[in-house]
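Trainee: I should like to take a close look at one part of this model, the place where the two chains meet. Could you please describe that part and what lies around it?

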Number of protein chains: 2
Amino acid sequence: MIRITYSNITRDLIGANGLTEDDLLAIDSAKIQDMFLKKSYPELAFLDLPKQDISEIKKIGEYARQFENFIVLGIGGSALGPRSIVEALSPFHNYLRKPRVFIYDNVDPLTLKKILEIIDLDKSLINVISKSGSTAETAASFMVLWQRLKDLGLSPQRHMVITTDPERGNLRKIVRDFHLRSLSIHPNVVGRYSVLSPVGLLTAEVVGIDCRDMLEGASEIGKKCLNFEVMENPALLFASALYQFNVLKKLNITVMLPYSDRLKAFSEWFCQLWAESLGKDGKGLIPYPSVGTTDQHSQLQAWMEGPKSFVVVFIAIEDYGVDIEIPVVFNEIEGLSYLSNHSLAELIKIEQEATEIALSKSGKPCITIQMPKIDAYHLGQLFHLFSIATAMAGFLFGVNPFNQPGVEEGKDLTYGMMGKRGYEKKIEEFLSYRKNKNRFVI
Amino acid sequence: MIRITYSNITRDLIGANGLTEDDLLAIDSAKIQDMFLKKSYPELAFLDLPKQDISEIKKIGEYARQFENFIVLGIGGSALGPRSIVEALSPFHNYLRKPRVFIYDNVDPLTLKKILEIIDLDKSLINVISKSGSTAETAASFMVLWQRLKDLGLSPQRHMVITTDPERGNLRKIVRDFHLRSLSIHPNVVGRYSVLSPVGLLTAEVVGIDCRDMLEGASEIGKKCLNFEVMENPALLFASALYQFNVLKKLNITVMLPYSDRLKAFSEWFCQLWAESLGKDGKGLIPYPSVGTTDQHSQLQAWMEGPKSFVVVFIAIEDYGVDIEIPVVFNEIEGLSYLSNHSLAELIKIEQEATEIALSKSGKPCITIQMPKIDAYHLGQLFHLFSIATAMAGFLFGVNPFNQPGVEEGKDLTYGMMGKRGYEKKIEEFLSYRKNKNRFVI
C-alpha cells in the first residue's frame with residue numbers, strides 16, 4: 001500500500017508557513033462525506049470503477065496483442081491515462097516489446113505522417129477513444145485513418161476498436177452501423193477520471209499488464225479514502241492540506257514530483273486532472289509536472305527561492321526493481337571517488353530526501369508519497385487516490401470538479417471556422433480579431 | 001525570421017488587464033543596454049556563441065555518425081538543449097535514422113539498465129556533458145559506463161567524447177590524463193545558456209543538422225535583440241512585457257505553448273532557463289511547459305477561468321512542412337462531416353488562433369511568436385531570442401540571471417550522505433530530519 005508522509009506540512013517541522021492540526025480539521029468533512037455517499041454528482045461514478053466487469057477488456061486485449069502496432073487516437077484524459085500506464089509499467093516499451101504503442105493526441109500533421117511511415121497499417125490495431133464521440137481532434141484523425149484503411153483494402157472491423165459512450169454520440173452510431181469492436185465508458189465517468197475505465201485498461205492489457213492488479217490496488221486504497229476521518233483518510237487529508245495552503249497561505253501551485261522517469265507521464269496525467277477540475281471561478285490550484293532528480297537542475301531553484309507559491313508533492317520509490325553499482329574508478333579524483341561503492345538507487349533516493357529536507361528547512365511545505373514499487377497494483381492506487389482527492393478538493397473549493405466550461409469558447413470559434421452548422425456567427429468574430437491582432441508585430 | 005505579435009497584451013485588445021505603451025516603455029532600457037554592451041556579467045558571453053569556431057564540432061560530429069547509438073549523459077541544460085534539438089529537427093529520430101540518440105538525464109537505475117539492454121556499447125558513442133565536471137548525476141553515470149567499457153574491453157578513447165570546461169574540473173583532467181576526445185564549453189557560458197555551444201551543437205550534427213544554420217538564425221535575431229529601442233527589440237519587449245505584467249498586474253506564470261509536438265521539449269528547455277534564471281529573492285516568473293492542441297484538453301480550463309496568474313506565449317507554426325487532408329467520410333453525420341475537405345494543418349492552425357482569441361476575449365494576455373517553419377535556422381532564433389530575453393528579464397527584476405544559489409543546500413545534503421569529504425556535518429542534519437519526518441504518516 002502507498003503511504004503518505006504529511007510531516008512536512010506542519011508548523012512543527014517547517015515553522016510559520018506550516019499548517020496546524022486544527023487547520024487540517026477545519027474543513028467541512030461532513031459535507032464531503034454526504035456528497036460522496038449520496039453521489040450528489042453523478043460523475044462520482046468513477047468511484048465504482050474498481051468493481052467493473054473487465055471481461056470484454058480482457059477479450060479485446062488478447063485480440064490486440066496479435067498485432068504489431070497499437071495506435072491510440074485520443075486527447076486529454078483519453079491519451080494521458082494510456083500513456084502514463086505504458087511509461088510506468090512497460091518503460092521503453094516500443095524498443096523491447098510488441099505491439100508497439102503510438103499515442104496520437106494532437107492534430108500535428110507531421111506526427112501522424114511519421115507514425116504512418118513507421119508502422120504498417122495492415123499489422124496495426126487502432127483504438128479510437130472519445131467519450132462524447134465528437135472531440136474534433138480525435139474525430140479528424142479517426143476520419144483520416146478510416147479512409148487510409150479503406151484505400152489499402154483493410155477493414156475497420158478488423159483494425160479498429162472504439163472506446164466511447166455505451167449509447168450516445170457519433171462514434172457509438174458508427175460502431176452500430178459498421179459492426180465495429182467497441183468498449184463502453186460508463187455514461188457518468190468523465191474523461192479525466194477515466195483512466196481506470198476501458199480508456200486506460202485496454203492499453204494496459206495490450207502491453208501485457210493484468211488490469212485486475214490495477215483495479216485491486218485502486219479498490220484497496222478506495223476503502224481508506226471513503227473513511228471520512230480527515231486524519232485517517234489520505235485523499236481527504238491531501239485535499240484539506242492543499243485547500244488550506246491556498247486559503248490560509250495563498251499558495252497556488254502544486255508540484256507533482258515523482259523520483260522516477262517512469263512516472264513523468266503520470267505527473268502530466270495528474271496535471272490535467274488537477275487543472276481542469278479545480279481551475280474555475282477564479283479559484284484553483286495550478287499543477288506543475290515534474291520529475292526528479294532531473295528537475296533539481298531545472299525548477300528547484302524557483303521552488304526554493306522564487307515566489308512563495310509552491311507545495312511540492314514528492315513520490316519516493318522504495319524499490320526500483322533493479323540497481324546499478326557505481327564502480328571504484330578515478331580513485332585519485334576526490335570530486336568523483338566519493339560516489340564509488342554507492343549505487344544509482346541509493347543516489348536517487350538520497351537526492352529525493354535531500355531535496356525534501358532542503359525545502360522543509362527553508363519553510364516550504366512538502367508531502368511525500370512512499371510508493372513501495374512501480375507496478376500495476378501501486379499505480380492503480382496512485383490513480384484512484386488522486387482522482388478521489390481531486391473531487392474532494394473541488395467540493396472544498398465549491399466548484400464542480402467534473403466540468404470544463406472554460407474551453408467551450410475556443411471550441412466554438414474552431415467550429416465556426418471549420419464550417420460546423422450553427423456556429424456561423426463565430427466566423428466574423430474570428431476574422432475581425434485576426435485583423436486587430438496584426439497591429440503590433442515586430 | 002520569426003516575428004512576434006504583441007497586440008494581445010495591450011489594453012486596446014484585452015481591456016483593463018492589458019498594458020499600455022507607456023507601461024512597456026517605463027523600464028530602464030538604458031541600464032539594460034549598458035549592462036549588455038559592457039558585459040557587466042561575464043556570463044553574457046553566450047551572446048557571442050553565434051560567431052564561435054565550429055570546426056571541432058563538425059569533426060567530432062562526423063566521427064559520431066559512424067556509430068549506431070549516441071548516448072548523452074547530462075542533466076539540466078546539458079540534456080534539455082540536445083533533447084529539444086533532436087525532437088524539433090529530427091522527430092521520431094530513433095525509429096527512422098542512425099545513430100539513435102539516448103539522453104540519460106537522471107540517475108534512475110531502471111532507465112540506464114533499459115538503455116544498456118537496447119544498445120550495443122561496442123557500436124555506441126557516449127557524450128558526457130558537464131560544464132563543471134562535478135555534477136553528481138552525470139559523474140555517477142559516467143563512472144558506470146567507464147567501467148562497462150572497460151569490462152567489455154572497449155576503449156573510452158574510441159567510445160567517449162567529453163564536453164566540459166576548456167581548462168578546469170574533473171572531466172577536463174580525465175580528458176588530459178586519458179587523451180580523450182573532447183569539446184570545450186566557453187568558461188563563461190553557463191549550463192542553461194549553452195544550447196548553442198558544443199552542448200547542443202554536437203547532438204545537432206549527430207542527427208544530421210548543419211549546426212551553422214542554427215547559428216546563422218541566432219546571429220540574425222541577435223542583431224535585432226541588441227538594438228535597445230524597446231518597441232523594436234523583440235527580446236527586450238518580451239522581457240518588459242513579462243516584467244510589467246508581474247509588477248503591475250501580479251501575473252506570475254508564463255505558459256510556453258508551441259503548436260507542434262516537435263517543440264514539446266523546447267518548451268521544457270525554456271522552462272529551465274526561465275525558472276532557474278528568474279526564480280530568486282522571492283521574485284520570479286514561473287514558467288509552464290505546454291503543447292497545443294493537446295493542452296487545450298488539459299490546462300486551458302485553468303488559464304481561462306482559474307487564478308489570474310497567466311501570460312500565455314503561443315508559438316504558431318506557419319508551414320508544418322507536410323499536411324494531411326481530412327477525407328469525405330460519414331457524410332451523413334453532421335458532428336463529423338464539417339471536418340471533411342479541411343486538413344490537419346488547417347485544423348491545428350485554426351485551433352491555435354481560436355484559443356488565442358478565446359483567451360484575449362476574456363482579458364487574458366497572450367504573446368504569439370510566428371515561426372515560419374520548424375528548421376535549424378528558426379530554432380536557432382528561438383533559442384537565442386529567449387536566452388537574451390531571459391537575461392534582460394533578470395536585469396529588470398534586479399536578480400542575477402546566471403546563478404542558482406537555491407539548489408546548493410540539497411546538493412550539500414546529498415554530498416554528506418554520499419560521503420564526500422567536507423560535508424560530514426550534513427549527515428547529522430539529514431538523519432535527525434529523517435527521524436522527525438516519520439511522525440505523521442498515513
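Mentor: Two residues are in contact if their C-beta atoms, placed from the backbone, lie within 7 Å. This is a predicted model, in which local features need pLDDT of at least 70 and side-chain atom pairs count only at pLDDT 80 or more, while totals for chains, interfaces and linings use all residues. Residues are numbered from 1 along each chain as its sequence is written, and chains are lettered from A and ligands numbered from 1 in the order in which they are written.

By that contact rule, 120 residues of chain B touch 120 residues of chain A. Helix H17 of chain B, residues 344-361, gives the most to chain B's side, with 12 residues; helices (H or I, at least four residues) and strands (E, at least two) are DSSP runs, numbered from the N terminus. Sorted by class, chain B's side holds 58 nonpolar, 35 polar and 27 charged residues. Here Ala, Val, Leu, Ile, Met, Phe, Trp, Tyr, Cys and Pro count as nonpolar, Asp, Glu, Lys and Arg as charged, and the others, Gly among them, as polar.

The symmetry comes next. Chain B is superposed on chain A by a rotation of 180 degrees with 0.0 Å of shift along its axis, at an RMSD of 0.0 Å; the fit is by least squares on the C-alpha atoms of residues with pLDDT of at least 70 in both copies. The two copies are thus related as by a two-fold rotation axis. In chain B, the C-alpha nearest that axis belongs to Tyr288(B), 3.7 Å away. Moreover, 100% of the interface residues of chain B are also interface residues in chain A, so the copies meet through the same surface.

H17 of chain B also leads to helix H7 of chain A. The buried residues of H7(A), which spans residues 109-118, are Pro109(A), Leu110(A), Thr111(A), Leu112(A) and Lys114(A). A residue is buried if 20 or more other C-beta atoms lie within 10 Å of its own, exposed if 12 or fewer, and partly exposed in between. These buried residues of H7(A) pack against strand E3 (100-104) and helix H8 (136-151) of chain A, together with H17 of chain B.

In chain B, strand E3 (residues 100-104) is mostly covered, with five of its five residues buried. Arg100(B), Phe102(B) and Tyr104(B) point one way from E3(B), and Val101(B) and Ile103(B) the other way.
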